Amino acid sequence: MAVLPIRISGDPVLHTPATPVTEFDDDLRRLVDDMFDTMDRAPGVGLAAPQVGVGKRVFVFSYQPEDGPMRRGVAVNPDLLITPVPLGDPDDDAEAEGCLSFPGERFPLRRAERAVLTAVDAAGAPIRLEAEGWFARILQHEFDHLNGILYTDRIDRGYERTVARITRKSGWGVPGVSWLPGVDHLED
């Protein structure tokens, strides 16, 4: 198992829809193990394969709610159903979201309160997850990655200039920029 470099906004793999997984083999299991190691080292609560340069429909997640059991797993070739996103402006604190591919920053983003994920695991066995609150947010965020969407693509227009300024100042927005958890210190 290994910690993989995480691609930063601007790398083409992050902005391209991922392709379905067709082979459930040792390579997929190794990728999933490496993604868990990378997510844990970052630290993060989710990580999609495109974030580590692999354009496949796979993501891992690890979320410990205050009042429930740990939710940790992998979703391969997922589908996601969500409730309607509430109208109105997002709360700057309660709905602030971050991303390992836009490290060290957080912006408010309104997301659906509930989600139902159907997918298969790394062995091809079907899974179904019902989620609400932050866990639903995590699933939506990672699912977006598989469709070539970063959360900064969804934020309110008022933050576009800030995102552009950070991107320019940090040297992001171009292919080939990445950071390595545990070595580089771009995280919060």
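These are my notebook entries on a sheet, the helices against it and a few single residues, all looked up in a predicted model.

**Entry 1, the sheet.** I began with the strand order and found an open sheet of five strands, arranged as S2-S3-S4-S7-S8, with antiparallel pairing. I then asked which strands stand at the edges. They are S2, residues 46–48, and S8, residues 126–132; each has a single partner strand, so one side of each is left without a neighbour in the sheet. For the twist I noted that neighbouring strands are turned by 40° against each other on average, with direction ignored.

**Entry 2, the pair S7 and S8.** I looked next at how many bridges join S7 to S8, and the count for S7, which covers residues 114–120, is seven, with the two strands running antiparallel. Within this pair I wrote down one facing position, where Arg114 stands opposite Glu132 in S8.

**Entry 3, helices on the sheet.** Helix H1, residues 26–41, packs on the sheet and touches S2, S3 (58–63) and S4 (71–82), and I recorded an angle of about 40° between its direction and that of S3. Helix H2, residues 133–146, also packs on the sheet, where I listed its contacts as S2, S3, S4, S7 and S8. The direction of H2 makes about 160° with that of S3.

**Entry 4, Ala42 and Pro43.** I checked the peptide bond that joins Ala42 and Pro43 and found it to be cis, with omega about -15°. Pro43 itself lies in the loop between H1 and S2. I kept this entry because most peptide bonds are trans.

**Entry 5, Asn77.** I placed Asn77 in strand S4, and noted that its phi is positive, about 50°, although Asn77 is not a glycine. The background for this entry is that most residues other than glycine have a negative phi. Is Asn77 buried or exposed? The answer is in between: its relative accessibility is 25%, and because buried requires under 20% and exposed over 50%, Asn77 counts as partly exposed.

**Entry 6, Ile166.** I located Ile166 in helix H3, which spans residues 160–170. Its relative accessibility is 10%, and so Ile166 counts as buried, the cut-off being under 20%. Leaving aside residues up to four places away in sequence, I found that Ile166 touches Phe102, Glu105, Phe107 and Trp172. I also looked up the separation between the C-alpha atoms of Ile166 and Ala18, which are 148 residues apart along the chain, and it comes to 26 Å.

Terms used:
Residues are numbered from 1 along each chain as its sequence is written. This is a predicted model: local features need pLDDT of at least 70, side-chain atom pairs count only at pLDDT 80 or more; totals for chains, interfaces and linings use all residues. Side-chain values use heavy atoms; hydrogens and water are left out. Two strands pair if DSSP finds at least two bridges between them. Helices (H or I, at least four residues) and strands (E, at least two) are DSSP runs, numbered from the N terminus. Axes are lines fitted to C-alpha atoms, for helices over the stretch in contact, and angles run from 0 to 180 degrees between N-to-C directions. Contact means heavy atoms within 4.5 Å. Buried means under 20% relative accessible area, exposed over 50%, partly exposed in between (1.4 Å probe, protein chains only).
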